Amino acid sequence: MKKYLIFFLLCLLLLLSACENRGYSITEPYEYPAYPGTEEWEALGKRMEKMEIIDYLRVPEDILQNMTTDALIQTVLDFPYASDPLAYEDRRSGFDAHFENNSGLSELYAREDCLEKCELYLVELEKRHEEEKLRDKDSEERKELYLQIKYMELMLEDMRDYFSEPVPEQP
């Protein structure tokens, strides 16, 4: 009898811990199949157009839905074309055009905790950038962190607008 009670309690604990995690089980960011500057990226560019590459890079929906919000944020930031909106003269228009290409953005915006988590993530990026600046002013990591900070600022601006818009009433 005690064995069954212990087994039941263990199952209950596992169930409660899964509920506490909101069902998210993927804690690491997605590894894209290719990144700029790699041989794989060069090969893609030789045989595909940009939109085909974007489709190839698309993160499967089941993976996106099972990622923790932190892993999803880093996945969005790691997207090989994440800096595209920063190249537009009007960055807001650039971000709007980019939204469809980065498959993780719509999942991120659907999360209740996305704004709060992104704000905290930006603070961490800024800290890491400052630490890297003190360590090595011209490092590639510092440049990458700078681009991620700019992208995150743009994304947060968009999120704040998105979440402040009144939701149309349903008839």
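**Salt bridges, rings and a pocket in an all-helix chain**

Glutamate 124 and lysine 127 form a salt bridge in which the closest N and O atoms are 3.5 Å apart; the term denotes a side-chain nitrogen of Lys or Arg within 4 Å of a carboxyl oxygen of Asp or Glu. This is a predicted model, in which local features need pLDDT of at least 70 and side-chain atom pairs count only at pLDDT 80 or more, while totals for chains, interfaces and linings use all residues. Residues are numbered from 1 along each chain as its sequence is written, and side-chain values use heavy atoms, with hydrogens and water left out.

Both partners of this salt bridge, glutamate 124 and lysine 127, lie in helix α8 (residues 114-135), where they are three residues apart, about one turn of the helix. Glutamate 124 counts as partly exposed at 40% relative accessibility, and lysine 127 is likewise partly exposed, with a relative accessible area of 45% (buried is under 20%, exposed over 50% and partly exposed in between, with a 1.4 Å probe and protein chains only). Elsewhere, salt bridges that share partners join Arg92, Asp96, Glu157, Asp158 and Asp161 into one network.

Within that network, the side chains of aspartate 96 and arginine 92 meet in a salt bridge with an N to O distance of 4.0 Å. Aspartate 96 and arginine 92 both belong to helix α6 and stand four residues apart, about one turn of the helix. Aspartate 96 is partly exposed, with a relative accessible area of 46%, and arginine 92 is partly exposed with 25%.

A salt bridge may also connect separate parts of the chain, as aspartate 84 and lysine 50 show, for their side chains meet at 2.6 Å, N to O. Aspartate 84 lies in the loop between α5 and α6, whereas lysine 50 lies in helix α3 (residues 50-57), so the pair ties together parts that are 34 residues apart in sequence. Aspartate 84 counts as partly exposed at 23% relative accessibility, and lysine 50 counts as partly exposed at 39%. Over the whole structure, the search finds 13 salt bridges.

The setting for these contacts is a protein chain with nine helices and zero strands, which reads along the sequence as α-α-α-α-α-α-α-α-α; helices (H or I, at least four residues) and strands (E, at least two) are DSSP runs, numbered from the N terminus. Of the 171 residues in the protein chain, 35% are buried.

Helix α8, already met through glutamate 124, also contains leucine 115 and lysine 117. Leucine 115 is partly exposed, with a relative accessible area of 24%, and its C-alpha atom is separated by 9.9 Å from that of glutamate 157, 42 residues apart along the chain. Lysine 117 counts as partly exposed at 27% relative accessibility, and 8.4 Å separates its C-alpha atom from that of isoleucine 73, 44 residues apart along the chain.

Aromatic rings provide another kind of contact. The count comes to 11 aromatic pairs, where rings of Phe, Tyr and Trp (its six-membered ring) pair if their centres lie within 6.5 Å, and planes under 30 degrees apart count as stacked, over 60 as edge-to-face and the rest as tilted. Phenylalanine 99 and tyrosine 109 have ring centres 5.1 Å apart and planes at 85°, so the pair is edge-to-face. Phenylalanine 99 lies in helix α6 (residues 91-99) and tyrosine 109 in helix α7 (residues 104-109), so this pair ties together parts that are 10 residues apart in sequence. Tyrosine 109 is buried, with a relative accessible area of 5%. Ring pairs also link Tyr30, Tyr32, Tyr35, Trp41, Phe79 and Tyr81 into a cluster.

Tyr35 and Phe79 appear again in the lining of the largest pocket, which also includes Pro36, Leu77, Asp78, Pro80, Ala82, Ser83, Glu144, Leu147, Gln148 and Tyr151. A pocket, on a 1 Å grid over the protein atoms alone, is an open set of points where a 1.4 Å probe fits, with protein on both sides within 12 Å along at least five of seven lines, and lining residues have an atom within 4 Å of a point. Helices α5 (69-78) and α9 (140-164) each supply at least two residues of this lining, and α9 gives the largest share, four residues.
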